[in-house]
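Biologist: Before I go back to the bench, could you walk me through the labels on this one?

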Amino acid sequence: MQTRGLQILLPYMRPWHGALWRGTLYAFIGASASAFSPTLLGWGIDALRAGIQPTQLLLYACGLIALSATLSIFRYKLRMLTGEIAAGVSYQMSKEFFHHVLSFDQRTRQDFGTGDLLSRATNDFIYIWRFYSAGFQMSIHSLFLLLIGSSLMALTSPMLAGIVVGLLLISILVQVWLGRVLEQSFVQVEREMALISTFVQEHLSAA
């Protein structure tokens, strides 16, 4: 049975367990700051309507600034960390790919074609780098933001929180279905790019 998707990529995360846990912590802190900001703003508005003193209102403003700074700092730290993970994983995979290509005999190289191998060595690794950097960063941050935000929303309006969670679940199911549909198109695009690379390489070599 052919190995697909995450089954191929996830084993390369094993040497980065410590970094992944740190990234999860960074995402949790950043998502907490992002989710709590509207709550603090609401408290500030309610206090303003109740007629608090300007000095007390300043405390809410400082709190919002502190939450924004926390979000910016930990999102930056998460982005740098996931970039480091992506670079390390891409380097390891490209090194294994290079050694694997060197083990090919002449018949196997001809079957693949130089253009196909060049396409795999460039375009494929770009998508792998994006998966480990932007993909992990956005997914873990969005997950924590959803959980924390829904919990805070439930404290104010359980019915509204239930509606939001229900719509998000429907959205996730639709995206999973579309992902399976788009996967076939993506594979076809990669094949066409490999054919184009082979065509260009052969004609440039003959020129």
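Modeller: Sure, one definition to begin with: axes are lines fitted to C-alpha atoms, for helices over the stretch in contact, and angles run from 0 to 180 degrees between N-to-C directions. This is a predicted model, where local features need pLDDT of at least 70, side-chain atom pairs count only at pLDDT 80 or more, and totals for chains, interfaces and linings use all residues. Residues are numbered from 1 along each chain as its sequence is written, and side-chain values use heavy atoms, with hydrogens and water left out.

Biologist: What makes the pattern α-α-α-α-α-α?

Modeller: Helices are DSSP runs of H or I with at least four residues, strands are E runs of at least two, and both are numbered from the N terminus. The protein has six helices and zero strands, and reading along the sequence gives that pattern.

Biologist: Why is helix 2 called roughly antiparallel to helix 3?

Modeller: The axes of helix 2 (residues 17-49) and helix 3 (residues 54-102) come within 8 Å and cross at roughly 160°. That makes the two helices roughly antiparallel, a label for angles over 145 degrees (under 35 is roughly parallel, 65 to 115 roughly perpendicular, the rest oblique). Their crossing is left-handed, a term for a near helix turned anticlockwise from the far one by less than a right angle; clockwise would be right-handed.

Biologist: Why does Ala87 count as partly exposed?

Modeller: Buried means under 20% relative accessible area, exposed means over 50%, and partly exposed is in between (1.4 Å probe, protein chains only). Ala87 has 40% relative accessibility, so it counts as partly exposed. This residue is found in helix 3, and its C-alpha is separated by 8.6 Å from that of Ser133, 46 residues apart along the chain.

Biologist: And what makes Phe131 partly exposed?

Modeller: Its relative accessibility is 28%, so Phe131 gets that label. Phe131 is found in helix 5 (residues 114-156). Phe131 and Thr82 are 49 residues apart in sequence, with 9.7 Å from C-alpha to C-alpha.

Biologist: How do you know that Ile163 is partly exposed?

Modeller: Ile163 has a relative accessible area of 46%, so partly exposed is the right label. You'll find Ile163 in helix 6 (residues 158-206).

Biologist: How much of the protein counts as buried?

Modeller: Of its 207 residues, 25% count as buried.
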